[in-house]
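User: I have just opened this one and would like to be walked through it slowly, please.

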Amino acid sequence: LVGCNLWEFMQLSDCGPRQQVEEVAAAALASGRDWLVTSVVRDGEIGALLAAGGRAHAALTPRLHGRLPRGAGDLLKLRLLGGLLGGEDGPTSLSRAVGACEAVLRRAQEWSAPELPAAACWPILADAPAARLETLA
């Protein structure tokens, strides 16, 4: 499983610019590799794509505006891995990882936190809310 953000995916896959999550899913599946791509977008939403085993799933949340601390992509990958190691299937882990990131970022905005408050938000990570999940292929 290759984990990267959208810009890195475009560089690693040599597929050229992709904008919408459906385009990224098609390119990821065509590559023959398994991918976790963060920062995928669609119509004011942002989230992540899991393309593995010939299937593609996207978890999306409303895009947050304003100042946001860096590190959400790393947090998402850690939560996804934790979910997988804890027995969640890929799509469930993806949905909960994206949901957790949105909740932690909202908390960071509420607190005007200059950094991602991951440690202070451990209950959110442990019992992560699910983001909207779509099966794309």
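User: To start with, which residue in S4 is the bridge partner of Ala 52?
Analyst: The bridge partner of Ala 52 in S4 is Arg 55. The names S3, S4 and so on come from DSSP runs numbered from the N terminus, where a helix is a run of H or I with at least four residues and a strand is a run of E with at least two. Please keep in mind that this is a predicted model, in which local features need pLDDT of at least 70 and side-chain atom pairs count only at pLDDT 80 or more, while totals for chains, interfaces and linings use all residues. Residues are numbered from 1 along each chain as its sequence is written, and side-chain values use heavy atoms, with hydrogens and water left out.

User: How many bridges are there between S3 and S4, and in which sense do they pair?
Analyst: S3 and S4 pair in the antiparallel sense, and eight bridges run between them; strands are said to pair here if DSSP finds at least two bridges between them. Leu 49 is found opposite Ala 58 in S4. The two strands form a hairpin with two residues between them, and Gly 53 there takes a positive phi near 60 degrees.

User: What about the other side, I mean S2 and S3, how many bridges join them?
Analyst: S2 and S3 run antiparallel and are joined by seven bridges, with Trp 35 opposite Ala 51 in S3. S2 and S3 also make a hairpin that has two residues between the strands.

User: Which residue in that turn has a positive phi?
Analyst: That is Asp 43, with a positive phi of about 40 degrees, and Asp 43 has this value although it is not a glycine. Asp 43 sits in the loop between S2 and S3, where it is exposed, with a relative accessible area of 68%. Exposed stands for over 50% relative accessible area, buried for under 20% and partly exposed for what lies in between (1.4 Å probe, protein chains only).

User: And Ser 39, is it buried or exposed, or partly exposed?
Analyst: Ser 39 is partly exposed, with a relative accessible area of 35%. Ser 39 belongs to strand S2 and has a positive phi of about 65 degrees, again in a residue that is not a glycine.

User: Going back to S3 and S4, how many residues of each strand are buried?
Analyst: In S4, six of its eight residues are buried, which leaves the strand mostly covered. In S3, six of the eight residues are buried, so the strand is largely enclosed by the rest of the structure.

User: What else does S4 pair with?
Analyst: S4 also pairs with strand S5, residues 132-135, in the antiparallel sense and over four bridges. One place to see this pairing is His 57, whose bridge partner in S5 is Thr 135.

User: Changing topic: how many aromatic pairs are there?
Analyst: The count comes to one aromatic pair, taking rings of Phe, Tyr and Trp (its six-membered ring) whose centres lie within 6.5 Å, with planes under 30 degrees apart called stacked, over 60 edge-to-face and the rest tilted. The pair is made by Phe 9 and Trp 35, which are edge-to-face at 4.8 Å centre to centre, with 85 degrees between the planes.

User: Where in the chain do Phe 9 and Trp 35 lie?
Analyst: Phe 9 is in helix H1, residues 6-13, and Trp 35 is in strand S2, residues 35-42, so the pair links distant parts of the chain, 26 residues apart. Phe 9 is buried, with a relative accessible area of 0%, and Trp 35 is also buried, with a relative accessible area of 0%.

User: Then on to H2, which of its residues are buried?
Analyst: Helix H2 covers residues 21-31, and Val 21, Val 24, Ala 25, Ala 27 and Ala 28 are buried in it. The buried residues of H2 pack against H1, S2, S3 and S4, where contact means heavy atoms within 4.5 Å.

User: What comes just after H2?
Analyst: Just after H2 you will find Gly 32, which takes a positive phi of about 80 degrees.
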